[in-house]
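These entries record what I looked up in one protein chain, in the order in which I turned to each topic.

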Amino acid sequence: MPVCVGSSLDGKKLKDISLPQSCLLVGIKRGTHELIPKGNTKILAGDYLVVLADEDKATEIREILLNMTQK
């Protein structure tokens with residue numbers, strides 16, 4: 001899930017974000033690096049979020065995350 005410039009997640013720390021239930025952010029791809037996110041990890045425009053979700057709620061969670069990562 002790419003994070004767009006000006007999205008509600010751009011520049012926020014993970015601990016300050018309310019992710020949907022049944023959803024876990026397991027990685028952030030930033031350029032050629034892959035980060036394991038912690039509470040103080042700041043999400044930046046251009047990051048790609050790697051998320052795990054319950055299979056039966058994946059479509060719903062994807063829509064919520066799209067709204068959060070787009071402008």
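**Entry 1: Leucine 49**

I began with leucine 49, which I located in strand 3. I noted that the model is a predicted one. Is leucine 49 buried or exposed? I found a relative accessibility of 8%, so leucine 49 counts as buried, the cut-off being under 20%.

I then listed the contacts of leucine 49, leaving out residues up to four places away in sequence. Leucine 49 touches Met1, Val3 and Leu9. It also touches Leu25, Gly27, Ile28 and Ile43. Thr69 completes the list of residues that leucine 49 touches.

I also looked up one C-alpha separation from this position. Leucine 49 and glutamate 34 are 15 residues apart along the chain, and their C-alpha atoms are 9.9 Å apart.

**Entry 2: Threonine 69**

I went on to threonine 69, one of the residues that leucine 49 touches. I placed threonine 69 in helix 1, which covers residues 58-69. Its relative accessible area is 0%, so I recorded threonine 69 as buried.

How far apart are the C-alpha atoms of threonine 69 and leucine 49? I read 9.3 Å for this pair, whose members are 20 residues apart along the chain.

Setting aside neighbours within four places in sequence, I found threonine 69 in contact with Met1, Pro2, Val3 and Cys4. Ser7, Leu9 and Leu49 are the other residues in contact with threonine 69. I also noted that the side chain of threonine 69 reaches the backbone oxygen of proline 2 at 3.4 Å.

**Entry 3: The salt bridge**

I next turned to charged pairs. Side chains of opposite charge can pair when their charged atoms come close. How many salt bridges does a search of the whole structure find? The search finds 1 salt bridge. I identified the partners as arginine 30 and aspartate 47, with their closest N and O atoms 2.7 Å apart. Arginine 30 lies in strand 1 and aspartate 47 in the loop between strand 2 and strand 3, so the pair ties together parts that are 17 residues apart in sequence.

I compared the accessibility of the two partners. Arginine 30 has a relative accessibility of 27% and therefore counts as partly exposed. Aspartate 47, with a relative accessible area of 2%, is buried.

**Entry 4: Threonine 41**

I looked up threonine 41 in the loop between strand 2 (33-35) and strand 3 (48-53). I found a relative accessible area of 15%, so threonine 41 is buried. What does the side chain of threonine 41 reach at 2.8 Å? I found that it reaches the backbone nitrogen of lysine 38.

Apart from neighbours within four places in sequence, threonine 41 is in contact with Lys12, Lys13 and Leu14. I added Ile28 and Ile36 to the contacts of threonine 41.

**Entry 5: Serine 22 and a surface patch**

I checked serine 22, which is found in the segment before strand 1. Its phi is near 65°, a positive value in a residue other than glycine. I recorded serine 22 as partly exposed, with a relative accessible area of 28%.

I then looked for nonpolar surface. Which residues make the nonpolar surface patch of about 260 Å²? I found Leu24, Val26 and Leu52. Leucine 24 is found in strand 1, which covers residues 23-30.

**Entry 6: The whole chain**

I closed with the chain as a whole. I counted 1 helix and 3 strands, and from the N terminus on the elements run β-β-β-α. The radius of gyration is 11 Å, close to the 11 Å that the globule rule gives for 71 residues, so the chain is as compact as a globular protein of that length. I noted that the C-alpha trace spans about 30 × 25 × 25 Å along its principal axes.

Of the 71 residues, 28% count as buried. The accessible surface comes to about 4,800 Å², and I noted that 51% of it belongs to carbon and sulfur atoms. Finally, I looked up how contacts are spread along the sequence. Among contacts between residues at least 6 apart in sequence, 68% join residues at least 24 apart.

Technical notes:
Residues are numbered from 1 along each chain as its sequence is written. This is a predicted model: local features need pLDDT of at least 70, side-chain atom pairs count only at pLDDT 80 or more; totals for chains, interfaces and linings use all residues. Side-chain values use heavy atoms; hydrogens and water are left out. Patches are made of residues with over 30% relative accessible area and no salt bridge: like charges are joined within 9 Å, nonpolar side chains (Val, Leu, Ile, Met, Phe, Trp, Tyr) within 5 Å. Accessible areas come from the Shrake-Rupley method with a 1.4 Å probe; for residues, only the protein chains shown count as cover. A salt bridge is a side-chain nitrogen of Lys or Arg within 4 Å of a carboxyl oxygen of Asp or Glu. Helices (H or I, at least four residues) and strands (E, at least two) are DSSP runs, numbered from the N terminus. Buried means under 20% relative accessible area, exposed over 50%, partly exposed in between (1.4 Å probe, protein chains only). A polar contact is a pair of N or O atoms within 3.5 Å; within protein, one must be able to donate a hydrogen and the other to accept it, and residues adjacent in sequence count only if both atoms are side-chain atoms. Contact means heavy atoms within 4.5 Å. The radius of gyration is taken over C-alpha atoms; the globule rule is 2.2 Å times the number of residues to the power 0.38.
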